[in-house]
Amino acid sequence: MTPSLTRFDADLPQTDDFKSIVLNNTPLIDVRAPVEFTQGAFSSANNLPLMDDEERQKVGLCYKQHGNEAAVKLGHKLVNETIRTPRIQSWAEFMDHHPDALLYCFRGGMRSKIAQQWLQDNGRRIVRLRGGYKAFRRYLIDFLESVPDVFTAAGIQPIVLAGRTGSGKTQLLKQLLKAPDLNPLDLEALAHHRGSAFGRHATPQPTQINFENNLSMTLIRFLENQAKRLILEDEGRNIGTVNLSKPLFDFLKSGQRILLETPLEERITITLDEYVIQAQREYRSIEDWQTFMLTALQRIQRRLGGERYQRVLQQFDAALQQQITHGVTEGHRGWIETLLVEYYDPMYDYQMQKRQHKVAFSGSMQEILEFLQK
């Protein structure tokens, strides 16, 4: 029996007001297959697919072999009345919780239009994105590429927060979030990475596509707030597996430097808390964290040198055994100090001399907070 094809109303609404979607963080229904959603999506989107991965693959193969008409018929056969009912219900339930929700597929074509029509046939009217995921993604990428020119024209200048490893730059950014008229850009949070050889979290980083999408949205909102100072941490262009485009990176690093000065003992304490105590909570067991740390140490083995690498390994092993036996983490201060003083500090000094950036202000966390609030 030939499945009945969807008949479309002439007035199915569409929108391409992507800026409004960003500013309002509008909830989105993504009807693409899960494999597409995993590759790249938007932060406010929920994946409620019209077709699952297997169904999409079969329809795609049919399209290549027999053309669009045959593919549409197969799609309707696969997603028949029995199968489509719970899918329509899931879209309707999402709309119940999010009355302002919008709908999209990859190009804003057949799949989202079918879902939109099925909802309308069930008394639920929803707007779909004109051009779908591809058009929204293009809008975000175009904005990212325009940031250096647009921000410069608007008089927005980056302020780069520099400081040695463990000085508390991330903590300072979090403090700035609470201050009025200060606008930090936490690239490490967007990248879900601490920005060092030991910076990977237990859960994966976003894809490059998702990182770019979220970064673009963050900067669109920043521009809309009409702020004039964009404060960010002194990062490299690569943050784990994601990266910034060179023009955007060069612009963000072009601003004046503010140097966070923190005593060594405090830096050791900050590093202990972030990379040992907090990091261990992310893993199922201390052995999983140990495996991660040893792998990270191996990545910098050549730069550490043989003698120092073995010394750090011995310090790390002794500290871990002490923690396992006695439940204390203070022993980790030894290898942390070795890495900070003998590895990260010389590397930092070299980079500062190489770049020769002018430092507009230097001081403690409290002093910098007061300086920026003037």
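Start by selecting L161 and I258: in β11, I258 is the bridge partner of L161. The model on screen is predicted.

**The sheet**

Now widen the selection to both strands. β6 covers residues 157–163 and β11 covers residues 256–260. The two run parallel, joined by five bridges.

Next, show the whole sheet. It is open, has five strands and pairs them in parallel. Read across it in the order β7-β8-β6-β11-β12. Which strands stand at the edges? Select 183–185 for β7 and 359–363 for β12. Each has a single partner strand, so one side of each is left without a neighbour in the sheet. Look along the sheet for its twist: on average, neighbouring strands are turned by 25 degrees against each other, direction ignored.

Add residues 169–178, helix α8. This helix packs on the sheet and touches β6, β7, β8 and β11. Compare its direction with that of β8 (229–233): the angle is about 150 degrees.

**The cores**

Move on to F42, F136, F151, L185, L215 and L219. These residues have the most contacts inside the largest nonpolar core, which has 38 residues. Colour its suppliers: α1 (18–24), β4 (102–104), α7 (132–153), α9 (187–191), α10 (208–224), β8 and α11 (246–252) each give at least two residues. Helix α7 gives the largest share, seven residues.

Zoom in on F42. What does F42 touch, not counting residues up to four places away in sequence? Its contacts are L28, Y104, Y133, F136, R137, L140, N213 and M217.

Then select Y275, W289, L320 and Y344. They are among the 25 residues of another core, which lies apart from the largest one.

**A helix crossing**

Select residues 81–97 for α5 and 110–121 for α6. Their axes come within 10 Å and cross at roughly 80 degrees. That crossing makes α5 roughly perpendicular to α6.

Show the side chains where they meet. From α5 come R84, I88, W91, A92 and M95; from α6 come A115, W118 and L119. By class, this contact has seven nonpolar residues, one charged and no polar.

**Last stop: F371**

Find F371 in helix α17, residues 365–372. Its relative accessible area is 24%, so F371 counts as partly exposed. Which residues does F371 contact, leaving aside neighbours within four places in sequence? They are I258 and F361. I258 is familiar from the opening, as the partner of L161. F361 is 10 residues from F371 in sequence and 8.1 Å away in space, C-alpha to C-alpha.

How values were computed. Residues numbered from 1 in each chain as written. Predicted model: local features only at pLDDT ≥ 70, side-chain atom pairs only at ≥ 80, totals over all residues. Heavy atoms only, no water. Pairing = 2+ DSSP bridges. Helix = DSSP H or I, 4+ residues; strand = E, 2+ residues; numbered from the N terminus. Axes fitted to C-alpha atoms, helices over the stretch in contact; angles between N-to-C directions. Contact = heavy atoms within 4.5 Å. Core = buried A, V, L, I, M, F, W, Y, C linked by side-chain atoms within 4.5 Å. Buried < 20%, exposed > 50% of the residue type's maximum accessible area, 1.4 Å probe, protein only. Parallel < 35°, antiparallel > 145°, perpendicular 65-115°, else oblique. Nonpolar A, V, L, I, M, F, W, Y, C, P; charged D, E, K, R; others polar.
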